[in-house]
Amino acid sequence: QQEVDTLFQLPSVNPASIHSEYQEGGTSIFCQGGNLIIQSTKTIQQVQVFDITGKRCLTFEQNKLNVYPVHALPHGVYLCRATCSDGHHVTSKVLLR
């Protein structure tokens, strides 16, 4: 059997409820031109991208520009989890189009 790395389980998501930008505690997450962009007052240590079923699709380590290429993923709804250097997590739904 294949082991699946999951973090989230969501019953359903209404696409109309997805915003193109999310902001929490000085951290802003949005998609632009095939890239996931995170603007934060904190240092981002790791970024994980999950599909809507909770399967991890991508993992990125610290990047000084906080720009992460996601253009290889099919269009759809994803969950982005950014881990800050202080251990704080920010999780956002993002819509890739």
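## An all-strand chain and its principal pocket

Of the 97 residues of the protein chain, 34% count as buried, a figure computed, like every value in this report, from a predicted model. The secondary structure comprises 8 strands and 0 helices, and the order of elements along the sequence accordingly reads β-β-β-β-β-β-β-β.

### The four-stranded sheet

An open sheet is built from 4 strands in the order E5-E4-E7-E8, with antiparallel pairing. Its edges are formed by strand E5 (56–61) and by E8, each of which pairs on one side only. From one strand to the next, the twist averages 20°. As a general point, the strands of a sheet pair through backbone hydrogen bonds, in either a parallel or an antiparallel manner.

Strand E7, which spans residues 76–84, is joined to E8 by 8 bridges, the two strands running antiparallel, and E7 also pairs with E4 in the antiparallel sense, over 7 bridges. E7 is mostly covered, since 8 of its 9 residues are buried. Individual bridge partners help to fix the register of these pairings: Gly-76 is matched with Leu-96 in E8, Arg-81 stands opposite Thr-91 in E8, and Ile-44 has Cys-84 in E7 as its bridge partner. E7 and E8 form a hairpin with 4 residues between the strands, in which Gly-87 takes a positive phi near 90°.

### The E2–E3 hairpin and the loops

A further hairpin is made by E2 and E3, with 2 residues between them, and Gly-33 in its turn has a positive phi of about 60°. Strand E3 covers residues 35–40 and pairs with E2 in the antiparallel sense over 6 bridges; within this pairing, Gln-32 stands opposite Asn-35 in E3.

Gln-32 also offers a point of reference for the loop between strand E6 (67–69) and E7, where Val-70 lies. The C-alpha atoms of Val-70 and Gln-32 are separated by 9.8 Å, although the two residues are 38 residues apart along the chain. Val-70 itself has a relative accessibility of 3% and therefore counts as buried.

In the loop between E5 and E6 is Asn-66, a residue that has a positive phi of about 55° although it is not a glycine. Because its relative accessibility is 12%, Asn-66 counts as buried, the limit for that class being under 20%.

The loop between strand E4 (44–51) and E5 contains Lys-55, which is partly exposed, with a relative accessible area of 42%. Measured in sequence terms, Lys-55 and Leu-79 are 24 residues apart, whereas from C-alpha to C-alpha they are 9.7 Å apart in space.

The accessibility of several residues discussed in this report is set out below.

| Residue | Relative accessibility | Class |
|---|---|---|
| Val-70 | 3% | buried |
| Asn-66 | 12% | buried |
| Cys-31 | 25% | partly exposed |
| Cys-57 | 31% | partly exposed |
| Lys-55 | 42% | partly exposed |

### Cysteines

The structure holds 0 disulfides. For Cys-31 the reason is one of distance: the closest cysteine sulfur, in Cys-80, is 7.8 Å from the sulfur of Cys-31 and so too far for a bond, given that a disulfide requires the two sulfur atoms to be within 2.5 Å. Cys-31 is partly exposed at 25% relative accessibility, and Cys-57 is likewise partly exposed, with a relative accessible area of 31%.

### The largest pocket

Cys-31 appears again at the largest pocket, which is lined by 12 residues, and Cys-31, Gly-34, Leu-95, Leu-96 and Arg-97 are those that lie nearest its centre. The volume of this pocket is about 220 Å³. Strand E2 (27–32) and strand E8 (89–96) each supply at least two residues of its lining, and E8 is also an edge strand of the open sheet. By residue type, the lining divides into 5 nonpolar, 6 polar and 1 charged. Leu-96, among the residues nearest the centre of the pocket, is also the bridge partner of Gly-76.

Definitions and conventions: Residues are numbered from 1 along each chain as its sequence is written. This is a predicted model: local features need pLDDT of at least 70, side-chain atom pairs count only at pLDDT 80 or more; totals for chains, interfaces and linings use all residues. Side-chain values use heavy atoms; hydrogens and water are left out. On a 1 Å grid over the protein atoms alone, a cavity is a set of points where a 1.4 Å probe fits but cannot get out, and a pocket is an open set with protein on both sides within 12 Å along at least five of seven lines; lining residues have an atom within 4 Å of a point. Grid points are joined across faces, edges and corners, and a volume is the space filled by probe spheres set on the points. Ala, Val, Leu, Ile, Met, Phe, Trp, Tyr, Cys and Pro count as nonpolar, Asp, Glu, Lys and Arg as charged, and the others, Gly among them, as polar. Two strands pair if DSSP finds at least two bridges between them. Axes are lines fitted to C-alpha atoms, for helices over the stretch in contact, and angles run from 0 to 180 degrees between N-to-C directions. Buried means under 20% relative accessible area, exposed over 50%, partly exposed in between (1.4 Å probe, protein chains only).
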